Amino acid sequence: MQNNLNSICIVGGGTAGWMAASLLSSSLQGTGIKITVIESPDIAIIGVGESTVPSILEFLRVCRINLKEFVQATSASFKLGIRFEDWLKPGEHYFHPFGRVGQDLHGFEFYQAWLKTCADGHASRWVDHSPCAIMAENHRFMLRPPQDQNWVLRNTGHALHFDAVLVARYLREFSLSRGVERIEATVDKVVVDERQFISALELNNDTTITNDFFVDCTGFKGLLIAGALNVGYEEWTHYLPCNRAIAVQTSNTGEPPPYTTATAREAGWTWKIPLQHRTGNGYVFSGDHCSDDKAIDTLLKAVDGELLIEPRVIPFTTGRRKKIWHNNCLSVGLASGFLEPLESTAIHLVYKILLRFISHFPDQDFDPQVEQAFNQKINLDYQEVRDFIILHYCTTKRDDTEFWRWCQNMPIPDSLNEKIHLFRERGELEHSYGQFFSQDSWCSILEGMNVRPKKYHPLMDGFDSQGLAKTLQENVQDIYSTVMQMPKHGDYIRQHCAAKKVL
Ligand SMILES: Cc1cc2nc3c(=O)[nH]c(=O)nc-3n(C[C@H](O)[C@H](O)[C@H](O)COP(=O)(O)OP(=O)(O)OC[C@H]3O[C@@H](n4cnc5c(N)ncnc54)[C@H](O)[C@@H]3O)c2cc1C
């Protein structure tokens, strides 16, 4: 006997709230489940969160949002990966590209073939085998034509840099057009029943809302999940000590490059996120190693262009909710947890939470095992991102400040320790179904941070050394010649998806 939900209430009108409304209104179409968003006119959204990973395209596809229209409406630029500066040592840089790196050879991973050619003296850069890295170096971009036969184009991938305020605005209009109801009000009180389920929300316009299920998108405070249901927070500050960020926006000084830049600094790192109409900048740092004034000074010296807003300080606590879904409440976005944006993963985790929620979608019985299965899976998603971020710090050779000296001996979770150990010994990287970061991503960071395995796979010696080197060299040339025929990133945007003048 079906006992379906009748209504869902999303509280919060930031990126998370409107992504939730967009995706749920798409996925629940035809079910008759009513979706309402409560958006406060008095509490601003965080207004950062502008660099994404390729799953943003999947989100748009699932919602049936046209990519070019979205790019135009959000003043977006395209992103091919992240350029990391000064992480290994000052003066060194590397690139973490999207898409594939190289092509697997007769069932062997490309990384092993590449290692063998390096060991045999035919050295090439790891990123020479990545179409996205070569596109980024040359500021080239084009969307992959559907069903293209060219292996170089097939191995590309991309994400977006976009304006967070415009994204919320676009997704709001989109959701409303899908039948989502919007209430402009602030939640004053969350009413919880004796079973610890949310029964009602009291609003500051003297109305009370009752719904079957609630989605908490109220930002760091987690008004429903933490404030009302008292779900605790698992801190990961002992692994990742950065706990503050300064954000500023500046005018563009040239064409926006098709990548995010993350530069290591004395007590953390700064970001540059280029949009069509401006650049987002910030400094993520450890408050134990640097004052706000010093951090603002460091950031302002690092930016190009004119300041468009005054620097804003954003404190945060790294970690995640002990239960992201509890009873009739799902937390999404900053309400569910936060990991520093080094790999631009927060919006990806918003999408992942929503996808997992849809596949474990509850009915009014609220079976605790369904909730538990969801929480176990999403915890692994958070853990994967946490470990990947720690990898950038724990492999540094920097010892020029207290912060970086701490990183030399920082605690590392067992899950990451095991991974690094297996990689150092044999170049092996375990990859489980559903994990987000590919082996290519792990290899890109490890190679960028100068971590090489002791040996390559023993069966690679079955390949002729000269023949292997020749194949790889031909592939590098294929990549280069395909990329150099692509338009410049700025020209591509101007021609296909220039921002509308809504700014
Ligand atoms: C410094 C920094 C940099 C970041 N960079 C990136 C990045 O590059 N890439 C990335 O993917 N992510 C990034 N993020 C994360 C990203 O910003 C968030 O995941 C995303 O913006 C979602 O935020 P949110 O909607 O959860 O919260 P918010 O934007 O804070 O929205 C909260 C909403 O809740 C509402 N609200 C609060 N209280 C009430 C109430 N009582 N009643 C009604 N409504 C209420 C507010 O009005 C607001 O609409 C970054 C975060 C930080 C802190």
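In the predicted model, strands β8, β9 and β10 are arranged in that order as an open sheet of three strands, and their pairing is antiparallel. The edges of this sheet are formed by β8 (187-192) and β10 (208-209), each of which pairs on one side only. Strand β9 (residues 198-203) runs antiparallel to β10 and is joined to it by two bridges, and L201 has I209 of β10 as its bridge partner.

I209, which is placed in strand β10, has contacts with C9, A200, L201 and L203 when residues up to four places away in sequence are left out. The residue is classed as partly exposed because 18 C-beta neighbours lie inside 10 Å, a count that falls between the limit of 12 or fewer for exposed residues and that of 20 or more for buried ones. Between I209 and P362, the separation is 153 residues in sequence and 20 Å in space, taken from C-alpha to C-alpha.

The loop between β9 and β10 contains D206, a residue other than glycine whose phi is positive, near 65 degrees. D206 is exposed, since 8 other C-beta atoms lie within 10 Å. A positive phi is also found at S75, likewise not a glycine, with a value of about 55 degrees. S75 belongs to the loop between α3 (67-74) and β3 (77-79) and is buried, because 26 other C-beta atoms lie within 10 Å. As background to these two cases, most residues other than glycine have a negative phi.

A further open sheet of three strands follows the order β12-β18-β21, again with antiparallel pairing. Its edge positions are taken by β12 (233-235) and β21 (337-338), and because each has a single partner strand, one side of each is left without a neighbour in the sheet. Strand β18 (residues 319-321) and β21 run antiparallel and are connected by two bridges, with F338 of β21 serving as the bridge partner of G319.

Helix packing is illustrated by α1 (residues 15-27) and α10 (residues 346-359), whose axes are 10 Å apart and meet at an angle of about 35 degrees. The crossing in which α1 passes α10 is right-handed. On the side of α1 the contact is made by T15, A16, M19, A20, L23 and S27, and on the side of α10 by I347, V350, Y351, L354 and I358. In terms of residue character, the contact of α1 with α10 comprises nine nonpolar and two polar residues, with no charged residue among them.

Several residues of this helix contact reappear in the description of the largest nonpolar core, which has 143 residues and in which I10, M19, A20, L224, V332 and V350 have the most contacts. Helix α11 (residues 368-394) provides the largest share of this core, amounting to 10 residues. For A20, with residues up to four places away in sequence not counted, the contacts are I10, V215, C217, V332 and L354; of these, I10 and V332 are also listed among the core residues with the most contacts, while L354 belongs to the part of α10 that takes part in the contact with α1.

Note on methods:
Residues are numbered from 1 along each chain as its sequence is written. This is a predicted model: local features need pLDDT of at least 70, side-chain atom pairs count only at pLDDT 80 or more; totals for chains, interfaces and linings use all residues. Axes are lines fitted to C-alpha atoms, for helices over the stretch in contact, and angles run from 0 to 180 degrees between N-to-C directions. Helices (H or I, at least four residues) and strands (E, at least two) are DSSP runs, numbered from the N terminus. A crossing is left-handed if the near helix is turned anticlockwise from the far one by less than a right angle, and right-handed if clockwise. Two residues are in contact if their C-beta atoms, placed from the backbone, lie within 7 Å. Ala, Val, Leu, Ile, Met, Phe, Trp, Tyr, Cys and Pro count as nonpolar, Asp, Glu, Lys and Arg as charged, and the others, Gly among them, as polar. Two strands pair if DSSP finds at least two bridges between them. A nonpolar core is a set of buried Ala, Val, Leu, Ile, Met, Phe, Trp, Tyr and Cys residues joined through C-beta atoms within 7 Å.
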